[in-house]
Amino acid sequence: MLSARAKRFLAEHATRHPPMPEAAIRAAAGDLPGDAVEALVRFEASYGGLWYRVIGGNPMEHGLDGEVEVHDTPLGPAFTGILDGAWTWPVDVLLDGRTALDLGSWPFRVIDRSVEQRIEKHALLVEVKGWPHRTYTCRTPPLVAPVADERLLPPAVPEASGPADLWWRDDDTAVEATLHAWGGGQDLWTVRHFGRVPHLAHHADPIVYAAMGHETVPATWCILCSEPVAPERMCPPPASPQTSGGRLRRRAGG
């Protein structure tokens, strides 16, 4: 069940078009296995037609889009159910509800525990992305989370945290660690420290460096502000992003 934050986020920022009817899914399923058909039906009933933006630009789009297909992945059968506007890439949904990315040259990677967790992390980012923030880059071995010591961090936000995203939040600060790249023998994480008021973000360095158990350095680019970041610089609240219409196209064969 979604948190009050996520429900508020969807009410304020999302739209939903009519999902593909269950009867149409079952009629088009052909000889797909029963568990795959049930996963397609559940997903479309819950998320089909859901549309929202997180950072700006291209949106997150959910739904089968009339394609009742299942394909094999290294982690089992999956279907393409989401178009990720930030990655500008299709997201696979495994039959157990986890999401994963197949970026070709990088290993197939689970990103979210569930679509609900994915929505929760987006809701939390939208809630704090306008706060002053500092951005860092952290390198870890493959499949190793960056955080080693949470004692200086705000309380964890488990509903928003998953295999590729970790969140901590209190009334005045938030810390996010999100997987940015992987492959080549290492994972690359973006770590952000948000403060409701500027002086909280100014004191981010000792908190972040103490919490991360791996090589962590100031980032050179802030994706939230879409601009370079000088060392020791705190980003101001970003301006409201310009939005654009249109839908992302699915990759060929997706």
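This report walks through a predicted model of one protein chain, from the whole fold down to a few residues.

## The chain as a whole

Let's start with the big picture. The protein chain holds 6 helices and 15 strands. With 254 residues, a compact globule would be expected to have a radius of gyration near 18 Å, and the chain comes in at 19 Å, which agrees. Laid along its principal axes, the C-alpha trace spans about 60 × 40 × 30 Å.

Of the 254 residues, 49% count as buried. The contacts say something about how the chain folds back on itself: among those between residues at least 6 apart in sequence, 59% join residues at least 24 apart.

## Surface and charge

The accessible surface of the chain adds up to about 11900 Å², and 56% of that belongs to carbon and sulfur atoms. As for charges, there are 24 positive and 32 negative ones, and the mean positions of the two sets sit 4 Å apart.

## Strand β10, covered on both sides

Now zoom in on strand β10, residues 165-169. How many of its 5 residues are buried? The count is 5 of the 5, so β10 is largely enclosed by the rest of the structure. Both of its faces are covered: one carries Asp165, Trp167 and Arg169, the other carries Leu166 and Trp168, and all of these are buried.

What does β10 pair with? Its partner here is strand β11 (residues 173-183), which runs antiparallel to it and is joined to it by 5 bridges. The connection between β10 and β11 is a hairpin with 3 residues. If you want to find the pairing on screen, look for tryptophan 168, whose bridge partner in β11 is valine 175, and for arginine 169, which stands opposite alanine 174.

## Strand β11 and its next partner

β11 is well covered too. Of its 11 residues, 9 are buried, so this strand is also largely enclosed by the rest of the structure. Besides pairing with β10, β11 pairs with strand β12 (residues 186-195) in the antiparallel sense, over 10 bridges. One pair to look up is alanine 181 with its bridge partner in β12, leucine 188.

β11 and β12 form a hairpin as well, with 2 residues between the strands, and glycine 184 in that hairpin takes a positive phi near 70 degrees.

## Arginine 109, a charged residue under cover

Is arginine 109 buried or exposed? It is buried: its relative accessible area is 9%, and the buried class takes in anything under 20%. Arginine 109 belongs to strand β8 (residues 109-112).

Leaving aside neighbours within four places in sequence, arginine 109 is in contact with Thr99, Ala100, Leu101, Leu143, Leu179, Trp182 and Asp187. Several names on that list tie back to other parts of this report: Leu143 gets its own section below, and β11 covers residues 173-183, while β12 covers residues 186-195. Arginine 109 also lies 9.0 Å from leucine 75, C-alpha to C-alpha, though the two are 34 residues apart in sequence.

## The loop between β9 and β10

Two neighbours are worth a look in this loop. Leucine 143 sits between β9 (133-140) and β10, and at 68% relative accessibility it counts as exposed. Leucine 143 has a positive phi of about 65 degrees although it is not a glycine. This is the leucine that arginine 109 touches.

Valine 144 is found in the loop between β9 and β10 as well, but at 30% relative accessibility this residue counts as partly exposed. Not counting residues up to four places away in sequence, valine 144 touches Asp187, Trp189 and His214. Asp187 is also on the contact list of arginine 109. Valine 144 and alanine 164 are 20 residues apart in sequence, and their C-alpha atoms are 10.0 Å apart in space.

## Aspartate 65, another positive phi

One last stop is the loop between β3 (60-62) and β4 (71-73), where aspartate 65 lies. What is the phi of aspartate 65? The angle is near 55 degrees, a positive value in a residue other than glycine. At 46% relative accessibility, aspartate 65 counts as partly exposed.

Technical notes
Residues are numbered from 1 along each chain as its sequence is written. This is a predicted model: local features need pLDDT of at least 70, side-chain atom pairs count only at pLDDT 80 or more; totals for chains, interfaces and linings use all residues. Side-chain values use heavy atoms; hydrogens and water are left out. Helices (H or I, at least four residues) and strands (E, at least two) are DSSP runs, numbered from the N terminus. The radius of gyration is taken over C-alpha atoms; the globule rule is 2.2 Å times the number of residues to the power 0.38. Buried means under 20% relative accessible area, exposed over 50%, partly exposed in between (1.4 Å probe, protein chains only). Contact means heavy atoms within 4.5 Å. Accessible areas come from the Shrake-Rupley method with a 1.4 Å probe; for residues, only the protein chains shown count as cover. Lys and Arg count as positive and Asp and Glu as negative; His and the chain ends are not counted. The place of a charge is taken as NZ of Lys, CZ of Arg, CG of Asp or CD of Glu. Two strands pair if DSSP finds at least two bridges between them.
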